[in-house]
Amino acid sequence: MKLDGSTIASATGGTLHRDAPAGDIVTDTRTLGAGSWFLAITGDRFDGHEFLEQAQAKGAIGCIVSRSVPESWTGGAVIVPDTTRALQALGQYVRGRFPGPVVGLTGSSGKTTTRALIANALKPMGEVHQTQGNLNNHWGVPMTLLATPDTATVLVVEMGTSGPGEIEALARIGTPNVRLIVNVGPAHLEELGGLDGVQQEKGAMFATARPGDICCVNIDDERVAAIPIPDGARRLEFGGPAAETVALLEAEVIPEKLSTRARYRTPEGEVEVVIPAPGRHVALNAAGALTVAVALGVDPRAAAAGLADYEPVGMRMRPERLPSGALALNDAYNANPQSVSASLSVLAAMPGKRWAVLGDMLELGPQAAQWHRQIAGEAGSLALDHVLFVGPMMATAAPACVGPAVQAFQSPDDAAAWLEGRLGPEDVVLFKGSRGARLEDVLRALNPDPGQGAP
Ligand code: ADP
């Protein structure tokens, strides 16, 4: 949505230094186009105020700053006390003027997948605007709202947290009409103080619901199911066969297509769909998407047709054929015990010789060693052939993995050196770890030129 200087000033409570016509609000000079307003965010690593000259050179029509406007600045200008708060106020302003429904979702694992599935399921409603990339925090959520095209009919906004109170703040900015919590799991435990803290934090998505809002509850997750719904808000359920609104009756991974055939009971009868991503957890996320569709009056059969067009996002179970002929599944984008467990069960459904390369899971707080042992034990209980534990925490947990052949390494380089020459065309290798575990380095050592892409 384009905003002019006086609207920006009134929406942010800022001072109009000099007015200028309406333009998009942009925070990054690299993506700034002529005629936009440049909002100078003071971030952890960068201060937007240092980029005003660049913004002007690229044709910015105005700036939103928390310092005095430089003499050389000839465009419009609004001065605010805090540019992050101004961004949030502008996001809230745009939200308030959006006439269509807004869907908000959070969860410990599967937010991005579920967000994209919801967007696909809502295609029958017209133009869906959704979170791009990982813009799901206190900057990303307002940026998502500000980027709403005038032609959009429905918004799907992903909300993430890394500290207490963030989801509440984001839910107030986005004020979704339909709210969904994918799950409550062991992620960001350090900042949120254990699983109770995670439940409390995610629970804010429901706690802030207003009368008439609809809360979509994953009943397979005990902690989500236990979150109270405020008076006047409606509760819809998704999950396994006991779920009232959308029940996942059957999920079968089709290994050669890295897809999942899923069958659901919906208020409009049974629906079957092949979702182009592997795993029961994906089928469960899709049950959430169908529930959102039901909440917004979209026929679940039409919504399911949209799910069939889903395209997996980023480094999530991305298949890659290695020069050795082995199939790598690159899921090294992030990891917590819940998501590692989901990925291991996908690997266990694959044909051939199964390898898991597991990297440290970071930010798990004081119970970290225990969580690593639990995952190692789980890897041992599945039908896997080889498990490589990479990193100090995984290496320590390795003895808990009984069954497969086990190797432990302190670093990705050591793991890569050991793996070299050991893989063949019958092998499928899952790479899963936290970003900081650098498992993609192992993959790159095995396949320096991934240009060929998918198998
Ligand atoms: P987020 O945006 O919350 O980080 P993603 O959609 O990017 O989540 O998925 C991250 C990883 O979490 C996936 O690769 C998958 O392994 C796992 N995952 C996705 N959905 C679920 C789920 N419902 N339960 C458990 N793990 C999941």
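**Reasoning through a predicted model**

Tutor: Welcome! This model is predicted. Let's begin with Gly-193, which sits in the loop joining α7 (189–192) to α8 (194–207).

Student: What makes Gly-193 count as buried or exposed?

Tutor: Exposed means over 50% relative accessible area. Gly-193 has 54%, so Gly-193 is exposed. Its C-alpha atom lies 9.5 Å from that of Pro-366, although 173 residues separate the two along the chain.

Student: Why is Cys-63 called buried?

Tutor: Buried means under 20%. Cys-63 has a relative accessibility of 0%, so Cys-63 is buried. Cys-215 also has 0%, and therefore counts as buried.

Student: How many disulfides does a search of the whole structure find?

Tutor: Zero. Take Cys-215: the nearest cysteine sulfur belongs to Cys-216 and is 7.5 Å away. A disulfide needs the sulfur atoms within 2.5 Å, so Cys-215 is in no disulfide.

Student: Why are α4 and α10 called oblique to each other?

Tutor: Helix α4 (residues 111–121) packs against helix α10 (residues 280–295) at about 45°, with 8 Å between the axes. Roughly parallel needs an angle under 35 degrees, and roughly perpendicular runs from 65 to 115. An angle of about 45° fits neither, so the pair is oblique. The crossing is right-handed.

Student: Which residues of α4 and α10 make the contact?

Tutor: From α4 come Thr-113, Thr-114, Leu-117, Ile-118 and Ala-121. From α10 come Val-282, Asn-285, Ala-286, Ala-289, Val-292 and Ala-293.

Student: How many of the contact residues are nonpolar, polar or charged?

Tutor: Eight are nonpolar and three are polar, with no charged residue in the contact.

Definitions and conventions. Residues numbered from 1 in each chain as written. Predicted model: local features only at pLDDT ≥ 70, side-chain atom pairs only at ≥ 80, totals over all residues. Heavy atoms only, no water. Buried < 20%, exposed > 50% of the residue type's maximum accessible area, 1.4 Å probe, protein only. Helix = DSSP H or I, 4+ residues; strand = E, 2+ residues; numbered from the N terminus. Axes fitted to C-alpha atoms, helices over the stretch in contact; angles between N-to-C directions. Parallel < 35°, antiparallel > 145°, perpendicular 65-115°, else oblique. Left-handed = near helix turned anticlockwise from the far one by under 90°. Contact = heavy atoms within 4.5 Å. Nonpolar A, V, L, I, M, F, W, Y, C, P; charged D, E, K, R; others polar.
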